[in-house]
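Here is a set of short exercises to work through with the model open in your viewer. Try each task before you read its solution.

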Amino acid sequence: MARPRTPKGRARETAVRLAAEYPGSPVELCALEHHNPYELLAATILSAQTTDERVNMVTPELFRRYPTASDLAAANPGDVEEIVKSTGFFRAKTKSLVGMAQALTDRFDGEVPTAMEDLVTIPGVGRKTANVVRSVAMDLPGLPVDTHVGRLSRRLGLTEEEDPVKVEYALNAMLPPPERGVFSLRMILHGRRVCFARRPQCDQCVLNDYCPSAAVPQRPPRRKPGNNS
């Protein structure tokens, strides 16, 4: 197959190859453990500046104590701080969590809204967090851009943009809405497992035959059996 030469062509081929490399639905590929949009929203707020593994260690107790937004809205901040302390920046995160829960309770009947314009009005919620919740918990279009997605997009020559929102818009123009969220999740997994920031494992990468940044020789076409020319 001819190597894709345009950013859109590379984006579509990347989506196909990463789907084979990392199969699964958005829920299956999302590393944050959750059972509903409220839990994913809280877990995503907690995930800033820490690992998903660390978040998954504290959320079971958080959700046991505060299973609904109204429960968390009425929480003593000191109690919440104690639960989430190990995730770092625990005072700011607690303020965002309680503020988020109060916003859901006061303005959205305790439910997480689906519209982007509503989500970004909630304390602690920006476009990235809103896109995570929309694409994973609600099966709606949303393409979260974290450091992995931004870095891989530039390495693959999909965009030269540095700003996450501009990266999101650039990728949205190349991918059908239903594919955007799962594309982001697979790019994140690829960035964590293969395309490292400092020493990308280009020799193990399924994209290296057309990646402009690949640090290995491009693979020659395979000869068909019996073709000695």
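**Exercise 1. Is valine 112 buried or exposed?** Decide this, then describe the surroundings of the residue.

Solution. Keep in mind throughout that this is a predicted model.
- Step 1: locate the residue. Valine 112 sits in the loop between H7 and helix H8 (116-119).
- Step 2: apply the cut-off. A residue counts as buried under 20% relative accessible area. Valine 112 has a relative accessible area of 12%, so valine 112 is buried.
- Step 3: list the partners. Setting aside neighbours within four places in sequence, valine 112 touches Pro37, Tyr38, Leu41, Leu104, Leu119, Val133 and Met138.
- Step 4: check one distance. From C-alpha to C-alpha, valine 112 and methionine 100 are 9.6 Å apart in space, with their positions 12 residues apart in sequence.

**Exercise 2. Describe the overall make-up of the protein.** How many helices and strands are there?

Solution.
- Step 1: count the elements. The protein has 12 helices and zero strands, and the pattern along the sequence reads α-α-α-α-α-α-α-α-α-α-α-α.
- Step 2: take the dimensions. Along the principal axes, the C-alpha atoms fill a box of roughly 75 × 30 × 30 Å.
- Step 3: look at burial and surface. Of the 229 residues, 47% are buried. The accessible surface is about 12,300 Å², and carbon and sulfur atoms account for 51% of that surface.
- Step 4: look at the contacts. Among contacts with a separation of 6 or more, 59% are between residues 24 or more positions apart.
- Step 5: place the charges. There are 31 positive and 27 negative charges, and their mean positions lie 10 Å apart.

**Exercise 3. Examine how H3 is covered.** Which residues of H3 are buried, and what do they pack against?

Solution.
- Step 1: count. Helix H3 (residues 37-46) is mostly covered, with nine of its 10 residues buried.
- Step 2: name them. The buried residues are Tyr38, Glu39, Leu40, Leu41, Ala42, Ala43, Thr44, Ile45 and Leu46.
- Step 3: find the cover. These buried residues pack against H4, helix H5 (69-73), H6, H7 and helix H9 (127-137).
- Step 4: zoom in on one residue. Leucine 46, in helix H3, has a relative accessible area of 0% and is therefore buried. Beyond its neighbours within four places in sequence, leucine 46 contacts Val55, Val58, Thr59, Leu62, Val84, Thr87, Lys93 and Leu97.
- Step 5: try a longer reach. Phenylalanine 196 is 150 residues from leucine 46 in sequence, and their C-alpha atoms are 23 Å apart.

**Exercise 4. Work out how H4 and H6 are arranged.** At what angle do their axes cross?

Solution.
- Step 1: compare the axes. Those of helix H4 (residues 52-65) and helix H6 (residues 77-84) come within 9 Å and cross at roughly 155°.
- Step 2: classify the angle. Angles over 145 degrees count as roughly antiparallel, so H4 and H6 are roughly antiparallel to each other.
- Step 3: name the residues that meet. Val58, Glu61, Leu62 and Arg65 come from H4, while Asp79, Val80, Ile83 and Val84 come from H6.

**Exercise 5. Inspect two loop residues with a positive phi.** Where do glutamine 49 and phenylalanine 89 lie?

Solution.
- Step 1: recall the background. Most residues other than glycine have a negative phi.
- Step 2: take glutamine 49. Its phi is positive, about 60°, although glutamine 49 is not a glycine. Glutamine 49 lies in the loop between H3 and H4 and is exposed, with a relative accessible area of 68%.
- Step 3: take phenylalanine 89. Its phi is also positive, near 50°. Phenylalanine 89 is found in the loop between H6 and H7 and is exposed, with a relative accessible area of 59%.

**Exercise 6. Look at H10 and at lysine 95.** Which residues of H10 are buried?

Solution.
- Step 1: in helix H10 (residues 147-155), seven of the nine residues are buried: His148, Val149, Gly150, Arg151, Leu152, Ser153 and Arg155.
- Step 2: the cover over these residues includes helix H11 (164-172) and helix H12 (177-193).
- Step 3: turn to lysine 95 in helix H7 (residues 90-107). Lysine 95 is exposed, with a relative accessible area of 67%.
- Step 4: lysine 95 and proline 77 are 18 residues apart in sequence, and their C-alpha atoms are 7.4 Å apart.

Key: Residues are numbered from 1 along each chain as its sequence is written. This is a predicted model: local features need pLDDT of at least 70, side-chain atom pairs count only at pLDDT 80 or more; totals for chains, interfaces and linings use all residues. Side-chain values use heavy atoms; hydrogens and water are left out. Helices (H or I, at least four residues) and strands (E, at least two) are DSSP runs, numbered from the N terminus. Buried means under 20% relative accessible area, exposed over 50%, partly exposed in between (1.4 Å probe, protein chains only). Contact means heavy atoms within 4.5 Å. Accessible areas come from the Shrake-Rupley method with a 1.4 Å probe; for residues, only the protein chains shown count as cover. Lys and Arg count as positive and Asp and Glu as negative; His and the chain ends are not counted. The place of a charge is taken as NZ of Lys, CZ of Arg, CG of Asp or CD of Glu. Axes are lines fitted to C-alpha atoms, for helices over the stretch in contact, and angles run from 0 to 180 degrees between N-to-C directions. Angles under 35 degrees count as roughly parallel, over 145 as roughly antiparallel, 65 to 115 as roughly perpendicular and the rest as oblique.
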